[in-house]
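Subject: Handover of a structure, with notes

Dear colleague,

Please find below the structure that I am passing on to you. My notes on it follow directly after.

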Amino acid sequence: MRTSRYMKIDKDLPYKRFYPKLVKKNKGPRDVYVLCTPPRPGNLFEIIPAYQIDKRYEQSFILGISKDKSWLIDYTVTLIDGLYNTNSLTYDLLQSE
């Protein structure tokens, strides 16, 4: 996995700086969820547990990391608002490192 320029980490996570490194190495903890771009076309975003990341997600970008799915859903709403309503983001910008 690769980290996006627009990646956000939940403020309630302890040791925030270690989570992106663990997720990139496919060694994420079981209680952490990751918002990422999907490996196959068809969806805009996916929220998956960090331990389920495997080789299929090598070309995906990490957009958010949290222990709470509702925090990731709120961030997804913010991203979709930027993509479609305010036109301040593009999908290519989200997929930039």
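I begin with one pair of residues: Tyr-33 stands opposite Ser-66 in E4. Strands (E, at least two residues) and helices (H or I, at least four) are DSSP runs, numbered from the N terminus. Residues are numbered from 1 along each chain as its sequence is written. This is a predicted model, in which local features need pLDDT of at least 70 and side-chain atom pairs count only at pLDDT 80 or more, while totals for chains, interfaces and linings use all residues; side-chain values use heavy atoms, with hydrogens and water left out.

The strands

Two strands count as paired if DSSP finds at least two bridges between them. Strand E2 (residues 33–36) runs antiparallel to strand E3 (residues 46–49), and 4 bridges join them. Within this pair, Leu-35 has Ile-47 of E3 as its bridge partner. E2 also pairs with strand E4 (residues 61–66), again in the antiparallel sense and over 4 bridges; here Val-34 is matched with Ile-65 of E4. E1 and E4, by contrast, pair in the parallel sense over 4 bridges, and Thr-3 has Ile-62 in E4 as its bridge partner.

E4 is mostly covered, with 6 of its 6 residues buried. Buried means under 20% relative accessible area, exposed means over 50%, and partly exposed lies in between (1.4 Å probe, protein chains only).

Ser-66 and its surroundings

Ser-66 belongs to strand E4 and counts as buried because its relative accessible area is 0%. Leaving out residues up to four places away in sequence, Ser-66 touches Asp-10, Leu-13, Val-32, Tyr-33, Trp-71 and Leu-72, where contact means heavy atoms within 4.5 Å. The side chain of Ser-66 also makes a polar contact with the side chain of Asp-10, at 3.0 Å. A polar contact is a pair of N or O atoms within 3.5 Å; within protein, one must be able to donate a hydrogen and the other to accept it, and residues adjacent in sequence count only if both atoms are side-chain atoms. The Ser-66 side chain further reaches the backbone nitrogen of Asp-68 at 3.0 Å. Asp-12 lies 54 residues from Ser-66 along the chain, with 8.0 Å between their C-alpha atoms.

Two loop residues

Thr-37 sits in the loop between E2 and E3 and is buried, with a relative accessible area of 1%. Its side chain reaches the backbone nitrogen of Phe-61 at 2.9 Å. Beyond its neighbours within four places in sequence, Thr-37 is in contact with Leu-44, Ser-60, Phe-61, Leu-63, Tyr-91 and Gln-95. Lys-55 is in the loop between E3 and E4 and counts as exposed, at 69% relative accessibility.

Helix H2

Helix H2 (residues 69–85) has 17 residues, which at 1.5 Å a residue should span 24 Å; its end C-alpha atoms are 23 Å apart, which agrees. The expected span is 1.5 Å times one less than the number of residues. Buried in H2 are Leu-72, Tyr-75, Thr-76, Leu-79, Gly-82 and Leu-83. Seen down the helix axis, the buried residues fall within an arc of 120 degrees, so they line one face of H2; the arc is that of the directions from the axis to the C-beta atoms. The face turned away from this buried side carries the exposed residues Asp-74, Val-77, Tyr-84 and Asn-85.

The buried residues of H2 pack against strand E1 (2–9), E2, E3, E4 and helix H3 (91–94). Among the buried residues is Thr-76, at 12% relative accessibility. Thr-76 touches Leu-35, Phe-45 and Ile-47, not counting residues up to four places away in sequence. Just after H2, Asn-87 takes a positive phi of about 55 degrees.

The nonpolar cores

A nonpolar core is a set of buried Ala, Val, Leu, Ile, Met, Phe, Trp, Tyr and Cys residues joined through side-chain atoms within 4.5 Å. The largest has 13 residues, of which Met-1, Val-23, Val-34, Ile-53 and Ile-65 touch the most other members. Helix H1 (19–24), E2 and E4 are the elements that give two or more residues to this core. Apart from it lies another core, of 9 residues, including Leu-35, Phe-45, Leu-72 and Leu-89.

Yours sincerely
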